[in-house]
Amino acid sequence: MKFSVFTASTPDWTPAQAADTLAEQGWDGIEWRIVDDRTADGSSGFWAGNRSTWQFTGIADQVGEIARVTDAAGLEYSGIGGYQPVADHEGVETMLRVTSGLGARQVRVTMPWYQRERERTGTTYGELFDRTRADLEWAAARAADLGVKALVELHHMTITPSASAALRLVDGLDPEHVGVIHDLGNLVIEGQEDHLAAFELLGPYLAHAHVKNARWVDTGETRADGSRIWRNEWAPLRDGQASVSEYLDALRQHGYDGWVTIEDFSTDLPLAERTADNLAYLRSLVPVTA
């Protein structure tokens, strides 16, 4: 396995700082976040004002600079963290072309959020699924033309929160050009299935692994019916409800030897200490010689 960091989780660093720091720490690769994301006051955060993010607007003109920064640090691409909805064909086309131009091989395209679409348009799950399948078929054809792969992430609140749901969406498409990102932390929130069973279910569609951790905490509040209210929050890799060790063991048992990308949204440690500690922890679980 090779380890990389998704720059959604490195909001305080510029792209050059992210690449140089991660390379110095010994990471194998980087997964760039690409989305329009600027704050009016210049503040930074994971999902707003993230300084490690390349802006989507004008991204085609930034391919050379992305390559320069990445190559100068000696890092590989584990993939590209795109945010373009699968229904936005123009946006997806742009991301596929950027991925091809960088030689980054694979890029995430985002799936619709079910409840959000239901409330906004009244669309049922079945209608949304069928529409998304048609969009993904189009994306798969364009990915094949460009020699890259479009990735569907297992993500809570979307129409693909689980491996079973994702397989239903991608089944029958060419696994050379469509794949699934299995995400340990997201599954704590929604979509949890036995890891090895999920990997076997996905088979050739298992293209990438994201690792973060999460936990459910008691808010101390109750609903009108008296039931207790819980909320989810991100946690350090060792401290969430999922076992990273068991997860990596299941990947090995399945024969997976691809990229494992960390996206740690906890804040218990300062950023540089957090990324260094995460790599040390991963290396303790998967020795370099393994």
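Let me start with a cut-off. Partly exposed means between the two limits: buried is under 20% relative accessible area, and exposed is over 50%. Keep that in mind for the charged pairs. One more point before we go in: this is a predicted model.

First, the overall picture. The protein has 10 helices and 10 strands. Its radius of gyration is 19 Å. The globule rule gives 19 Å for 290 residues, so the protein is as compact as a globular protein of that length. The C-alpha trace spans about 55 × 45 × 45 Å along its principal axes. Of the 290 residues, 54% count as buried.

What about contacts along the chain? Take those between residues at least 6 apart in sequence: 75% of them join residues at least 24 apart.

Now two buried threonines. Thr7 sits in the loop between β1 (2–6) and α1 (15–25). Its relative accessible area is 0%, so Thr7 counts as buried. Which residues does Thr7 touch, leaving aside neighbours within four places in sequence? There is a run from the thirties and just before: Ile30, Glu31, Trp32 and Arg33 are in contact with Thr7. Asn50 and Ser52 are contacts too. Asp36 is another matter of distance. Thr7 and Asp36 are 29 residues apart in sequence, and their C-alpha atoms are 14 Å apart in space.

The second threonine is Thr99, in helix α3. Thr99 also has a relative accessible area of 0%, so it is buried. Beyond the neighbours within four places in sequence, its contacts are Ile80, Ala104, Arg105, Gln106, Val107 and Val148. Ile30, which we just met as a contact of Thr7, lies 69 residues from Thr99 along the chain. The C-alpha atoms of Thr99 and Ile30 are separated by 13 Å.

Stay with helix α3 and turn to charges. Side chains of opposite charge can pair when their charged atoms come close. How many salt bridges does the structure hold? The count is 18. Here are three of them.

Pair one is Glu93 with Arg97, whose side chains meet at 2.7 Å, N to O. Both are in helix α3 (residues 89–102), and they are four residues apart, so about one helical turn separates them. Is each partner buried or partly exposed? Glu93 is at 15% relative accessible area, so it is buried. Arg97 is at 47%, so it is partly exposed.

Pair two is Lys212 with Asp183, with 2.8 Å between the closest N and O atoms. This one links distant parts of the chain, 29 residues apart. Lys212 is in the loop between β7 (206–211) and β8 (213–222), while Asp183 is in strand β6 (residues 178–183). Both Lys212 and Asp183 are buried.

Pair three is Arg231 with Glu233, and their closest N and O atoms are 3.1 Å apart. Here Arg231 has 43% relative accessibility, so it falls in the partly exposed range. Glu233, at 23%, is partly exposed as well. Now back to pair one, for its wider setting. Salt bridges that share partners join Glu93, Arg97, Arg142 and Asp145 into one network.

Last topic: empty space. Rolling a probe the size of a water molecule over the atoms shows where such space is left.

The largest pocket has a volume of about 650 Å³. Its lining counts 24 residues, and the closest to the pocket centre are Tyr83, Arg108, Thr110, Trp113 and His155. By class, that lining holds 11 nonpolar, five polar and eight charged residues.

What of cavities? A search of the whole structure finds one of 30 Å³ or more. The largest cavity has a volume of about 40 Å³. Its lining includes Val5 and Ser9 from early in the numbering. Ile262, Glu263 and Asp264 line it too, along with Leu271, Arg274, Thr275 and Asn278. Which helix gives the most to this lining? That is α10 (residues 271–285), with four residues. The classes of the cavity lining divide into three nonpolar, three polar and three charged.

That's the tour. Happy to take questions.

Definitions and conventions. Residues numbered from 1 in each chain as written. Predicted model: local features only at pLDDT ≥ 70, side-chain atom pairs only at ≥ 80, totals over all residues. Heavy atoms only, no water. 1 Å grid on protein atoms, 1.4 Å probe; cavity = no way out; pocket = protein on both sides within 12 Å on 5 of 7 lines; lining within 4 Å. Points joined across faces, edges and corners; volume = space filled by probe spheres on them. Nonpolar A, V, L, I, M, F, W, Y, C, P; charged D, E, K, R; others polar. Salt bridge = Lys/Arg side-chain N within 4 Å of Asp/Glu carboxyl O. Buried < 20%, exposed > 50% of the residue type's maximum accessible area, 1.4 Å probe, protein only. Rg over C-alpha atoms; globule rule 2.2 N^0.38 Å. Contact = heavy atoms within 4.5 Å.
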